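Student: I would like to go through this structure slowly with you, asking about one feature at a time. Could we begin with the sulfur link and then move on to the charged pairs and the strands?

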Amino acid sequence: MTHKGRIFSAVALTTLTLGLTACNDGEDAASAQDSPSASAPASSDPGSKSPSADPSDDAAAPAGGDVAAPGTKFKIGDRAVLPFKYGTAKKGTVAVTVTAIEKGAEADMAPFGDKAKGMTPYYIRMKVENVGGTDLSYASLRLRGKLEGGGPTGVILVGDLPGKCDSETAPRDFTTKGASYETCSLSATKTDPIAVASFEEGDAYSDSPVLWTN
C-alpha cells in the first residue's frame with residue numbers, strides 16, 4: 001500500500017501537491033501560502049485513508065524487549081522497540097530496524113517538479129515488527145532523515161517515489177505478535193549528505209528522537 005503525498009516549499013512556504021516539504025529550519029512549518037498546485041494520483045487502498053500516526057509513550061508494554069528511551073542512538077541494522085499510536089483507536093508497541101540509508105540521484109526527484117531541483121533524495125529502508133500483538137493493521141510509520149550529527153536537512157518529505165522508495169502501510173494481518181513488513185521513508189537534502197534516521201513521533205521523542213547512524 002503506497003501513499004502519495006504533497007510538496008511544500010518553504011522559502012515563502014509555497015505549496016505543490018505531490019509529496020515534499022522544504023523548510024528553512026527543517027522542523028517547523030508555518031501555514032502555506034497560496035501557490036500553484038499539481039495533484040498526484042490518490043491511493044485507493046483503505047490504509048491510505050487512515051489518520052496519520054501519532055505515537056505516544058503510554059502504549060502497551062512490549063513483549064520483545066525494553067522500549068528505547070528518548071534520545072537513544074542505534075547503528076544501522078539495530079532493532080529498536082518503540083511505543084506506537086495510530087489515530088485514536090490503534091495503539092501498541094513496534095520494533096523498528098533501519099536496514100539502510102541509501103543515496104538516490106537528483107534525477108529521481110523529477111516527479112516533484114521545479115521546486116525539487118538541486119535536491120538529492122535518500123531512502124531510509126526499514127523493517128517494522130508488531131511486538132505488542134495489538135491490531136495495527138493499515139497503520140503507517142515514518143522516519144525522518146538527518147544530517148551527520150543529527151542536524152536538520154532543511155527539507156521534509158511527505159510521500160514516496162514509487163519503485164525507488166515506497167512508503168507502505170502495515171498489511172491487513174499486522175495484528176499479531178511477530179507480524180512484520182518492510183517500508184521506506186523518503187528524505188532529501190540540498191546540502192550535506194543524510195546520515196541519520198530519526199524517530200520523532202510522540203511528545204517525548206519529538207524533543208529527543210531515537211536515532212540510527214552508520
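**A sulfur link, charged pairs and strands**

Tutor: The link between cysteine 165 and cysteine 184 is left-handed, with -100 degrees about the S-S bond. Please keep in mind, as we go on, that this is a predicted model.

Student: Which parts does the pair of cysteine 165 and cysteine 184 tie together, and how many residues apart in sequence are they?

Tutor: Cysteine 165 lies in the loop between β9 (155–157) and β10 (180–189), while cysteine 184 belongs to strand β10 itself, so the disulfide ties together parts whose separation in sequence is 19 residues.
The two sulfur atoms are 1.9 Å apart, and a search of the whole structure finds one disulfide.
The parts tied together are therefore the β9–β10 loop and strand β10, and the separation asked for is 19 residues.

Student: Is cysteine 165 buried or exposed?

Tutor: A residue counts as buried when its relative accessible area is under 20%. Cysteine 184, the partner, has 2% and is buried by that cut-off. Cysteine 165 has a relative accessibility of 0%, so the word for cysteine 165 is buried.

Student: Turning to charges, which residues are linked with Glu200 in a network of salt bridges?

Tutor: Side chains of opposite charge can pair when their charged atoms come close. Glutamate 200 forms a salt bridge with arginine 144, where the closest N and O atoms are 3.5 Å apart, and another with lysine 146, where the closest N and O atoms are 3.2 Å apart. The residues linked with Glu200 in the network are Arg144 and Lys146.

Student: Where do glutamate 200 and lysine 146 lie, and how many residues apart in sequence are the parts that they tie together?

Tutor: Lysine 146 is found in strand β8, whereas glutamate 200 is found in the loop between β11 and α1. Both of these residues count as buried, glutamate 200 at 15% relative accessibility and lysine 146 at 7%. Because one partner is in the strand and the other in the loop, the salt bridge ties together parts of the chain whose separation in sequence is 54 residues.

Student: Is lysine 117, which meets aspartate 114 in a salt bridge, buried or exposed?

Tutor: The side chains of lysine 117 and aspartate 114 meet at 3.5 Å, N to O, and aspartate 114 counts as exposed at 59% relative accessibility. The cut-off for exposed is over 50%. With 56% relative accessibility, lysine 117 is therefore exposed.

Student: Which strands stand at the edges of the open sheet of four strands?

Tutor: The strands of this open sheet follow the order β4-β12-β11-β8, and their pairing is mixed. A strand with a single partner has one side left without a neighbour in the sheet, so the edge strands are β4 (73–75) and β8.

Student: Which residue in β12 is the bridge partner of lysine 73?

Tutor: Strands β4 and β12 (residues 210–213) run parallel and are joined by three bridges. In β12, the bridge partner of lysine 73 is leucine 211.

Student: Finally, how many bridges join β6 to strand β7?

Tutor: Strand β6 (residues 90–103) is joined to strand β5 (residues 79–86) by eight bridges, and these two strands run antiparallel. Strand β7 (residues 120–130) also runs antiparallel to β6, and alanine 100 stands opposite arginine 125 in β7. The number of bridges that join β6 to β7 is nine.

Technical notes. Residues are numbered from 1 along each chain as its sequence is written. This is a predicted model: local features need pLDDT of at least 70, side-chain atom pairs count only at pLDDT 80 or more; totals for chains, interfaces and linings use all residues. Side-chain values use heavy atoms; hydrogens and water are left out. A salt bridge is a side-chain nitrogen of Lys or Arg within 4 Å of a carboxyl oxygen of Asp or Glu. Buried means under 20% relative accessible area, exposed over 50%, partly exposed in between (1.4 Å probe, protein chains only). Two strands pair if DSSP finds at least two bridges between them. A disulfide is a pair of cysteine sulfur atoms within 2.5 Å.
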